[in-house]
Amino acid sequence: MVVGMLAILKAGGAYVPMDPAYPAERIALFIEDSAAPVIVTQAALADTLPAGAAQVLVLDADPRLAEAPVTNPDSGVTAADLAYMIYTSGSTGRPKGVMVEHGNVVNFFAGMDDRIDHAAGSVWLAVTSLSFDISVL
């Protein structure tokens, strides 16, 4: 998932993390609500995706990936472009997507950089799903 997220960001896209352990209805909602044009997955999960209009890119099986350039693309992304969309827990009945721009992420990194100890041997642990905002760190 980390490789897919990095590739999406480098290409200038925004990612929507979808935990395969979530119920199928929730994943279908994420796909529909976000209007994701492409879904990046792996072969073991591809058959579990709901039918839809999005293209499916299977990272561990698509032969086109072997022919992809190894250089970084020039995405043209700015601080105002979306980096990712995270969905709320749905405590009000229907999960809502929260859109986070690249500028928001940079500010978050700068704020955390001021607060996290950088001394040799220092450790900061955050155990979370990639579907939660703190995982961006």
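Me: What makes the lining of the second largest pocket 12 nonpolar, one polar and no charged residues?
Reply: Ala, Val, Leu, Ile, Met, Phe, Trp, Tyr, Cys and Pro count as nonpolar, Asp, Glu, Lys and Arg as charged, and the others, Gly among them, as polar. Sorted by class, this lining therefore gives 12 nonpolar residues, one polar and no charged. The model is predicted: local features need pLDDT of at least 70 and side-chain atom pairs pLDDT 80 or more, while totals for chains, interfaces and linings use all residues. Numbering runs from 1 along each chain as its sequence is written, and side-chain values use heavy atoms, without hydrogens and water.

Me: Why do Leu9, Tyr15, Val105, Phe109 and Val136 count among the lining of the second largest pocket?
Reply: Lining residues have an atom within 4 Å of a point of the pocket, an open set on a 1 Å grid over the protein atoms alone where a 1.4 Å probe fits, with protein on both sides within 12 Å along at least five of seven lines. This pocket has 13 lining residues, and those five lie nearest its centre. Helix 1, strand 3 and helix 4 (102–115) each give two or more; helices (H or I, at least four residues) and strands (E, at least two) are DSSP runs, numbered from the N terminus.

Me: How do you know that the side chain of Ser34 makes a polar contact with Ile31?
Reply: A polar contact is a pair of N or O atoms within 3.5 Å, one able to donate a hydrogen and the other to accept it; residues adjacent in sequence count only if both atoms are side-chain atoms. The backbone oxygen of Ile31 lies 3.4 Å from a polar atom of the Ser34 side chain, so the pair qualifies. Ser34 itself lies in helix 2 (residues 24–34).
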